[in-house]
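Student: I am new to this structure and would love a close look at a single part of it. Could you take me through the helix that gives residues to the main core, and show me how it sits in the rest of the chain?

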Amino acid sequence: VQRSFVVNAAELAAYEYTKNLLVKRFKMRESIIVHVVASCASGLMAALASTPVDMAKTRMMNGDCGASMVHCLADVVNQFGVMALYASFFATWMRLAPWNVLNFVSLERYKALLAGVL
């Protein structure tokens, strides 16, 4: 549940923020290019936010640290440094980025189709 909250919050916020930034600040026309770039940024932010949670959850399930997520994160940082929290970052991003592209590009296409119907 914690991971789902973190991933969804990061994905949705990053997608909308990046899309609005590209359209309003950089004056790009809303198009599939904008949606793909915003989706990749969304995947990046979701990976940055969720990788430490994934690592702590795995360590807790293996019995390698205490009973709380905060204690586990602090333990890892004290023992291995901050970068240990992001050991699987690249693999996580490579999994989330394509998913976000499919998800958000499809969402935008459905929104465009429904706008013509309603």
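Tutor: Happy to! One term first: two residues are in contact, or touch, when heavy atoms of theirs lie within 4.5 Å. Please also keep in mind that this is a predicted model.

Let us set the scene. The chain has 4 helices and 0 strands, and from the N terminus on its elements run α-α-α-α. Its C-alpha trace spans about 55 × 30 × 20 Å along the principal axes. The radius of gyration is 17 Å, whereas a compact globule of 118 residues would have one near 13 Å. Of those 118 residues, 34% are buried. Among contacts with a separation of 6 or more, 63% join residues 24 or more positions apart.

Our part is helix H2, which covers residues 32-62. Just ahead of H2, in the loop that follows helix H1 (2-25), you will find Lys27. Its phi is near 55°, a positive value in a residue other than glycine. Most residues other than glycine have a negative phi. Lys27 is exposed, with a relative accessible area of 67%.

Now step into the helix and stop at Ala46, which lies in H2. Ala46 counts as buried because its relative accessible area is 0%, and the cut-off for buried is under 20%. Who are its partners? Setting aside residues up to four places away in sequence, Ala46 touches Val7, Ala10, Glu11 and Leu96. Gln2 is 44 residues from Ala46 along the chain, and their C-alpha atoms are separated by 13 Å.

Further along H2 comes Val53. Val53 is buried too, at 13% relative accessibility. Not counting residues up to four places away in sequence, it touches Arg3, Val6 and Met69. Val53 also has Cys72 at a C-alpha to C-alpha distance of 9.7 Å, with their positions 19 residues apart in sequence.

Val53 brings us to the largest nonpolar core, a set of 9 residues: Val53, Met55, Ala56, Cys65, Met69, Cys72, Val76, Ala84 and Leu85. Helix H2 and helix H3 (69-80) are the elements that give two or more residues to this core. Apart from it lies another core, of 6 residues, including Val7, Ala10, Ala47 and Phe89.

The last stop in H2 is Arg59. Is this residue buried or exposed? Arg59 is buried, because its relative accessible area of 16% falls under the 20% cut-off. Beyond its neighbours within four places in sequence, Arg59 is in contact with Asp64, Cys65, Cys72, Asp75, Val76, Gln79 and Phe80. Take Val76 from that list: it stands 17 residues from Arg59 along the chain, and their C-alpha atoms are separated by 9.3 Å.

Seen from the other side, Val76 is in contact with Met55 and Arg59, and also with Gly81, Ala84 and Leu85, again leaving aside neighbours within four places in sequence.

To finish, look at the outside. The accessible surface of the chain comes to about 7,500 Å², and 69% of that belongs to carbon and sulfur atoms. There are 11 positive and 7 negative side chains in the chain, and the centres of the two sets lie 10 Å apart.

Technical notes. Residues numbered from 1 in each chain as written. Predicted model: local features only at pLDDT ≥ 70, side-chain atom pairs only at ≥ 80, totals over all residues. Heavy atoms only, no water. Rg over C-alpha atoms; globule rule 2.2 N^0.38 Å. Buried < 20%, exposed > 50% of the residue type's maximum accessible area, 1.4 Å probe, protein only. Areas by Shrake-Rupley, 256 points an atom, 1.4 Å probe, with all protein chains shown as cover. Lys, Arg positive; Asp, Glu negative; His and termini not counted. Charge placed at Lys NZ, Arg CZ, Asp CG, Glu CD. Core = buried A, V, L, I, M, F, W, Y, C linked by side-chain atoms within 4.5 Å.
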